[in-house]
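Here is a short note to help you find your way around this structure. Keep the view open while you read, and take the points in order.

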Amino acid sequence: MENTVNILFFLECVQMDHFMNHIELEKPMPLVKQINYRQGDIVTEPILQSKSVTIALMAIDRKQKVMTTENAKDTLIYVLEGTAEVTIVEKRHIVTAGETIILPASKPHSIYALEQFKMMFIMLLNE
């Protein structure tokens, strides 16, 4: 019976907490090359989704905008490539490759790509 419980627990963890999409384990990878632009569009590619965290990449074509929204939790953005204007509660910030900005929970924000722009975002779902 103990082995059955351990196996069921393992399966639950794998199915719920460790979904990885197209990422090879134990292999270095340049994040910027894990997602491609699509002309006139916004592309999102999940890396890791679980009950406690979401990590994803976004590629935003030039002059495209992620519409104003609010997240339930703080979200960290790390800029991989390009330049964008991030607006948080009507205050504008210019972010470029290598920089990070935190989108506070429950505050309206939007992202406008001044040029082609790639980012990784991390949102902790449970605290």
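1. **Confidence.** This is a predicted model, so a look at the scores comes first. The mean pLDDT of the chain is 84, and 81% of the residues reach at least 70. Please be careful with residues 1-19: pLDDT stays under 50 there. For that stretch the model has 16 contacts beyond four places in sequence.

2. **Overall make-up.** The chain holds one helix and ten strands. Read from the N terminus, the order of elements is α-β-β-β-β-β-β-β-β-β-β, with the helix leading and the strands following. There are 127 residues in the chain, and 32% of them are buried. Among contacts with a separation of 6 or more, 64% link residues that are 24 or more positions apart. About 8300 Å² of the chain is exposed, and carbon and sulfur atoms supply 55% of that area.

3. **The open sheet.** Which strands make up the open sheet, and in what order? Four strands take part, in the order 4-9-6-7, with antiparallel pairing. At the edges are strand 4 (65-69) and strand 7, each of which pairs on one side only. On average, neighbouring strands of this sheet are turned by 20° against each other, direction ignored.

4. **Strand 4 with strand 9.** To see one pairing of this sheet in detail, try strand 4 and strand 9. They run antiparallel and are joined by three bridges. Look for Lys 65, which stands opposite Tyr 112 in strand 9.

5. **The partners of strand 5.** Strand 5 (75-81) is worth a separate visit. With strand 8 it pairs in the antiparallel sense over four bridges; Leu 76 has Ile 102 in strand 8 as its bridge partner. Strand 5 is also joined to strand 10 by six bridges, again with the strands running antiparallel. There, Val 79 stands opposite Met 119 in strand 10.

6. **The nonpolar cores.** The largest nonpolar core contains 17 residues. Those with the most contacts inside this core are Ile 77, Val 86, Val 95, Ile 111, Phe 117 and Met 119. Two or more residues each come from strand 3 (53-60), strand 5, strand 6, strand 8, strand 9 and strand 10 (117-124). A second core, separate from this one, has ten residues, including Leu 48, Ala 59, Leu 80 and Met 120.

7. **Val 86, a core residue.** Is Val 86 buried or exposed? This residue of strand 6 has a relative accessibility of 1%, so it counts as buried. Leaving aside neighbours within four places in sequence, Val 86 is in contact with Lys 91, Arg 92, His 93, Val 95, Ile 101, Leu 103, Ser 110 and Ile 111. One of these partners, Ile 101, is 15 residues away from Val 86 along the chain, and the C-alpha atoms of the two are separated by 8.7 Å.

8. **Asn 71, a buried loop residue.** Now turn to the loop between strand 4 and strand 5, where Asn 71 has its place. Its relative accessible area is 16%, and because the limit for buried is under 20%, Asn 71 counts as buried. Apart from neighbours within four places in sequence, Asn 71 is in contact with Ala 105, Ser 106, His 109 and Met 123.

9. **Two positive phi angles.** Which residues other than glycine should you check for a positive phi? One is Val 89, where phi is about 45°. Val 89 sits in the loop between strand 6 (83-88) and strand 7 (91-96). With a relative accessible area of 45%, Val 89 is partly exposed. Another is Ser 106, whose phi is near 65°. Ser 106 belongs to the loop between strand 8 (100-103) and strand 9 (109-113), and you have met Ser 106 already among the contacts of Asn 71.

10. **What to keep in mind.** If you take away a few things, let them be these. The chain has one helix and ten strands, four of which form the open sheet 4-9-6-7. Val 86 is among the residues with the most contacts inside the largest nonpolar core. And residues 1-19 have a pLDDT under 50, so please read that part of the picture with care.

Technical notes. Residues are numbered from 1 along each chain as its sequence is written. This is a predicted model: local features need pLDDT of at least 70, side-chain atom pairs count only at pLDDT 80 or more; totals for chains, interfaces and linings use all residues. Side-chain values use heavy atoms; hydrogens and water are left out. pLDDT is the predictor's confidence in each residue, from 0 to 100. Contact means heavy atoms within 4.5 Å. Buried means under 20% relative accessible area, exposed over 50%, partly exposed in between (1.4 Å probe, protein chains only). Accessible areas come from the Shrake-Rupley method with a 1.4 Å probe; for residues, only the protein chains shown count as cover. Two strands pair if DSSP finds at least two bridges between them. Axes are lines fitted to C-alpha atoms, for helices over the stretch in contact, and angles run from 0 to 180 degrees between N-to-C directions. A nonpolar core is a set of buried Ala, Val, Leu, Ile, Met, Phe, Trp, Tyr and Cys residues joined through side-chain atoms within 4.5 Å.
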